[in-house]
Amino acid sequence: MIPLAFDFAGESVLVVGGGSVGARKARRFAREARVVVVSPSFADADFGGAALVRAAGDAATLREFVARLDPALVVAATDDAGTNDAAAAVARSAGALVNRADHAGERAFDDVAVPATVRDDPVTVAVSTGGSSPALAKHLRERIEETIAGAGAMASLSAGLRGDLREAGVPPERRRDAVRAVVRSEPVWKALRSTDSKDDQAVGDAVARIVADVVDTEHTT
Ligand SMILES: C[C@@]1(CC(=O)O)c2cc3[nH]c(cc4nc(cc5[nH]c(cc(n2)[C@H]1CCC(=O)O)[C@@](C)(CC(=O)O)[C@@H]5CCC(=O)O)C(CC(=O)O)=C4CCC(=O)O)c(CCC(=O)O)c3CC(=O)O
Ligand SMILES: NC(=O)C1=CN([C@@H]2O[C@H](COP(=O)(O)OP(=O)(O)OC[C@H]3O[C@@H](n4cnc5c(N)ncnc54)[C@H](O)[C@@H]3O)[C@@H](O)[C@H]2O)C=CC1
């Protein structure tokens, strides 16, 4: 399986099944998509603000919801394999992606798996075990959470730096070297992770030193 980042803004997601797994998937996709959950009962308190429709997902009902919502993705998350089969078949015939919560391995070509995900916006890190061990995916996600602290700020900082250097007419190769040096710099990471607001100054100083170093070195060689 190959991970891709999918922009769900403006898209719909249909979740079939309102247990704790359906709720977790609904919360996940409700960050961006319009989510509708179809289920005869709802066992979790938090569906991320998704619309909840109390109905059994038989094939006719599912076809109706898929036709109405035109979802990019259908999540089959019931405890009933027959219903999950029907949800997957209806989704496929409508050209939607399918996520089956009760399947791993030997997937149809259009199936997707939901990875364990760490966010420090705009950075996301996704862990998949190819469906073999979701518990391991979760554990690795917890470990990575500490490792990427500050990555969101680093992404914004380096994107800003790239823009500034471009505007200043710095040629592409030198720009690339400077940005690469900044994202690898321990002093910059340390300052970004600091909760001390005066470290904004430390970040700026560390970046300025690196940029001057890279630009100067390459001037003189
Ligand atoms: C294939 C996949 C399809 C999909 O759902 O997309 C799938 C399938 C199955 N999960 C099962 C069980 C568990 N799933 C979790 C947790 C998570 N499961 C997630 C994803 C995936 N699960 C996809 C593969 C991802 C990959 O490639 O690794 C995570 C990462 C993302 C998310 O769901 O948000 C989320 C962690 C979120 C986080 O915290 O970061 C736990 C841990 C726990 O609950 O503590 C357990 C119990 C322990 C265990 O069994 O491992 C079972 C057996 C059910 C049974 O035995 O009845 C199946 C079905 C099967 O294996 O056949
Ligand atoms: N992918 C994952 O991360 C995990 C997947 N699983 C799998 O996912 C399934 C669901 O797990 P839970 O949410 O814990 O189960 P659950 O039993 O708590 O919830 C199942 C939900 O499906 C609903 N449902 C039953 N028939 C339906 C129908 N015809 N139409 C619509 N909804 C229907 C039920 O009302 C209930 O709300 C499990 O049976 C298991 O196979 C379990 C743990 C983790």
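The protein chain has a radius of gyration of 23 Å, whereas a compact globule of 221 residues would be near 17 Å. This is a predicted model. Along its principal axes, the C-alpha trace spans about 70 × 35 × 30 Å. Buried residues make up 29% of the 221 residues. Among contacts with a separation of 6 or more, 51% join residues 24 or more positions apart. The secondary structure of the chain comprises eight helices and seven strands.

**Ligand 2**

The shell around ligand 2 holds 22 residues. Gly17, Gly19, Val21, Gly57 and Asp102 are the closest. Two elements give two or more residues each: helix H1 (20–30) and strand E2 (34–39). H1 gives the most, with three residues. The shell divides by class as follows.

| Class | Residues in the shell around ligand 2 |
|---|---|
| Nonpolar | nine residues |
| Polar | ten residues |
| Charged | three residues |

**Helix H3**

Helix H3 covers residues 81–93. Its 13 residues, at 1.5 Å a residue, should span 18 Å. The end C-alpha atoms of H3 are 18 Å apart, so the expected span and the model agree.

Which residues of H3 are buried? They are Thr83, Asn84, Ala86, Ala87, Ala88, Val90 and Ala91. These buried residues pack against two kinds of element. The strands are E1 (12–16), E4 (73–76) and E5 (97–100). The helix is H2 (59–69). Just after H3 comes Gly95, which takes a positive phi of about 80°.

**Glu186**

Glu186 lies in helix H7, which runs over residues 186–193. Is Glu186 buried or exposed? Glu186 is exposed, because 8 other C-beta atoms lie within 10 Å, and a residue counts as exposed at 12 or fewer. Ala206 is 20 residues from Glu186 in sequence. In space, the C-alpha atoms of Glu186 and Ala206 are 9.6 Å apart.

**In brief**

The chain has a radius of gyration of 23 Å, against near 17 Å for a compact globule of 221 residues. Ligand 2 is surrounded by 22 residues, and helix H1 is the element that gives the most to this shell. The buried residues of helix H3 pack against E1, H2, E4 and E5. Glu186, in helix H7, is exposed.

Methods: Residues numbered from 1 in each chain as written. Chains lettered and ligands numbered in written order. Predicted model: local features only at pLDDT ≥ 70, side-chain atom pairs only at ≥ 80, totals over all residues. Near = placed C-beta within 6 Å. Helix = DSSP H or I, 4+ residues; strand = E, 2+ residues; numbered from the N terminus. Nonpolar A, V, L, I, M, F, W, Y, C, P; charged D, E, K, R; others polar. Rg over C-alpha atoms; globule rule 2.2 N^0.38 Å. Buried ≥ 20, exposed ≤ 12 C-beta atoms within 10 Å, placed from the backbone. Contact = placed C-beta atoms within 7 Å. Expected span 1.5 Å × (residues − 1).
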